[in-house]
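Trainee: I'd like to learn how to read a protein model from the overall fold down to single residues. Could you walk me through one?

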Amino acid sequence: KYESDQNFLANGIQLFTFLLDHEKIKQIIKKILNSNSDSKFLNGVAIFGCNYYYDWKQVDYLKNSTRNSKLFSNLKIKDLKNIDFKKNKKIKLGFVSCDLEKNHSIIFFLKNTIKFLDRNKFEVSIFSLTKINKNDSSQNELRKLTDHWFDFYENNNQEVAEQIQDEKTNILIDLIGFTKPERLELFNSRIAPLQISWLAYCNTTGLDNIDYLISDKNLILEEEEGMYSEKIIKLPQIWNTHSGFEYERKFNSLPFIKNNFFTFGSFNNFRKISDETIVAWSDILNKVPNSKLILKSSTFADKISLINKFKIKGVSNKIEIYDKLNFQNKEDHLNLYSKIDLCLDTFPYNGVTTTFEALWANIPVIVLKGFNFNSRCGESIIINSGFDSLLSKDVNAYISKAVYLSNNINVIQDLRKRIFDNINQTPLFNSKDFSDNFGNTLINLYKNIN
């Protein structure tokens with residue numbers, strides 16, 4: 001019965017995520033976190049789910065993730081004193097990920113970081129927990145950028161840990177977090193001298209053996225650092241940088257000029273569209289009579305449930321939903337931005353990849369300030385873009401900025417032109433500088449443990 005209860009709760013989260021029923025999801029999350037469940041998977045799913053809501057403070061994330069860490073197994077591994085790291089001619093840097101295929105967002109932040117790392121100092125390995133896909137161009141491109149690639153999809157955590165140690169890995173980077181709690185367990189053990197969380201999960205893991213969390217000054221305030229189990233490392237500018245795209249970058253003219261109506265847009269996955277976001281977006285649509293909102297999700301969800309939320313606010317006739325299945329090609333997805341006058345970010349779970357994409361396509365994004373790492377991702381992106389006017393201190397300001405830009409066409413036209421001219425020179429897309437900062441940070445951290 002206990003096992004069936006756990007399966008019931010896990011399936012409940014999956015079902016209500018598809019139905020976009022935030023209240024039901026919150027009820028299940030609270031039930032899991034308040035129970036004595038010893039399921040590391042179920043607790044991990046619940047902790048990850050908290051990031052979509054305002055119901056949990058950062059101190060709650062720390063408490064829940066620290067408690068959950070006690071459920072992870074300790075793997076049978078070598079004592080680091082018995083591994084001869086001195087034989088390594090360079091720092092052996094390993095990345096562990098479950099998501100290296102199908103143009104997953106992580107690939108666009110990882111590939112140029114690896115490409116520009118100083119190979120006189122680093123030897124780079126990827127330990128892939130993704131299924132081998134020889135026909136996947138994004139996976140194949142990443143394979144070519146590494147010194148060593150290991151396919152561990154079919155290996156259990158014990159086997160993966162042993163092989164990582166056999167490689168004498170000096171620094172091991174977690175690109176998993178609670179996105180895959182069953183694999184995060186790898187980092188509960190001391191596999192490498194230095195273990196760091198970066199990129200995949202923008203919150204604390206609660207694991208004692210993850211030494212550092214890579215962040216920046218906009219994401220975690222100094223007085224908040226104690227609310228994360230990891231020591232906080234703040235990169236000089238931004239915590240990640242997008243590689244951009246190989247397609248020719250063309251200026252997207254304001255669609256309003258030819259349409260004579262204003263088009264808002266968001267391509268974040270629909271689970272990020274919180275009830276608070278629905279209220280704000282509906283208010284904007286009501287205040288801009290001649291407007292519509294285009295939505296497209298990277299994940300599957302029930303479109304009728306989403307439309308019904310807008311129907312309650314009286315704006316469902318202004319919502320246009322594009323089907324994920326019609327945009328398997330990355331170029332087609334990017335071309336969809338040409339239909340958008342102004343993008344609206346979600347909160348408290350911000351878009352990351354979608355905000356980088358929109359700015360690359362010279363589309364402004366209205367962003368709301370947050371209260372922790374995860375909810376400040378948009379804030380860091382906008383600050384580093386140099387277009388601070390897009391950042392809103394509260395929901396009222398968020399709504400006002402969107403309405404103002406929709407009513408001041410000359411202002412938004414000028415803004416789009418300036419984004420087009422300048423965005424590739426900002427820290428958002430300067431992969432070489434980012435990789436240098438990333439590599440130097442790792443070298444300094446490694447020196448401190450030797």
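Trainee: Let me start with the broad view. How many helices and strands does the chain have?

Mentor: Happy to help, and keep in mind that this is a predicted model. Counting its secondary structure elements gives 17 helices and 13 strands.

Trainee: What does the radius of gyration say about the chain?

Mentor: The idea is to compare the chain with what a compact globule would give. For 450 residues, such a globule would have a radius of gyration near 22 Å, and the chain agrees because its own value is 22 Å. Along the principal axes, the C-alpha trace spans about 70 × 55 × 45 Å. Buried residues account for 60% of the 450 residues.

Trainee: Among contacts between residues at least 6 apart in sequence, what percentage join residues at least 24 apart?

Mentor: That percentage is 73% in this chain.

Trainee: Now a pair of helices. At what angle do α15 and α16 pack?

Mentor: For a pair like this, look at the angle and at the distance between the axes. Helix α15 (residues 395-407) meets helix α16 (residues 409-422) at about 100°, and their axes are 5 Å apart. An angle from 65 to 115 degrees counts as roughly perpendicular, which means α15 is roughly perpendicular to α16. On the α15 side the contact is made by Tyr404, Leu405, Ser406 and Asn407, and on the α16 side by Ile409, Val411, Ile412 and Leu415. By type, the residues of this contact are six nonpolar, two polar and no charged.

Trainee: Let's zoom in on one residue. Is Asn384 buried or exposed?

Mentor: Here you check relative accessibility against a cut-off, and buried means under 20%. Asn384 counts as buried because its value is 11%. This residue sits in helix α14 (residues 377-385).

Trainee: Which backbone oxygen does the side chain of Asn384 reach?

Mentor: The partner is the backbone oxygen of Ser380, at 2.9 Å. Setting aside residues up to four places away in sequence, Asn384 also touches Asn218, Gln237, Ile238, Thr426, Pro427 and Leu428.

Trainee: And which residues are in contact with Leu445, leaving aside neighbours within four places in sequence?

Mentor: Those are Leu194, Ile196, Tyr212 and Ile233. Leu445 belongs to helix α17 (residues 431-448), and its relative accessibility of 7% is why Leu445 counts as buried.

Trainee: How far apart in space are Leu445 and Asp421?

Mentor: From C-alpha to C-alpha they are 36 Å apart, with their positions 24 residues apart in sequence numbering.

Note on methods:
Residues are numbered from 1 along each chain as its sequence is written. This is a predicted model: local features need pLDDT of at least 70, side-chain atom pairs count only at pLDDT 80 or more; totals for chains, interfaces and linings use all residues. Side-chain values use heavy atoms; hydrogens and water are left out. Helices (H or I, at least four residues) and strands (E, at least two) are DSSP runs, numbered from the N terminus. Buried means under 20% relative accessible area, exposed over 50%, partly exposed in between (1.4 Å probe, protein chains only). A polar contact is a pair of N or O atoms within 3.5 Å; within protein, one must be able to donate a hydrogen and the other to accept it, and residues adjacent in sequence count only if both atoms are side-chain atoms. Contact means heavy atoms within 4.5 Å. Axes are lines fitted to C-alpha atoms, for helices over the stretch in contact, and angles run from 0 to 180 degrees between N-to-C directions. Angles under 35 degrees count as roughly parallel, over 145 as roughly antiparallel, 65 to 115 as roughly perpendicular and the rest as oblique. Ala, Val, Leu, Ile, Met, Phe, Trp, Tyr, Cys and Pro count as nonpolar, Asp, Glu, Lys and Arg as charged, and the others, Gly among them, as polar. The radius of gyration is taken over C-alpha atoms; the globule rule is 2.2 Å times the number of residues to the power 0.38.
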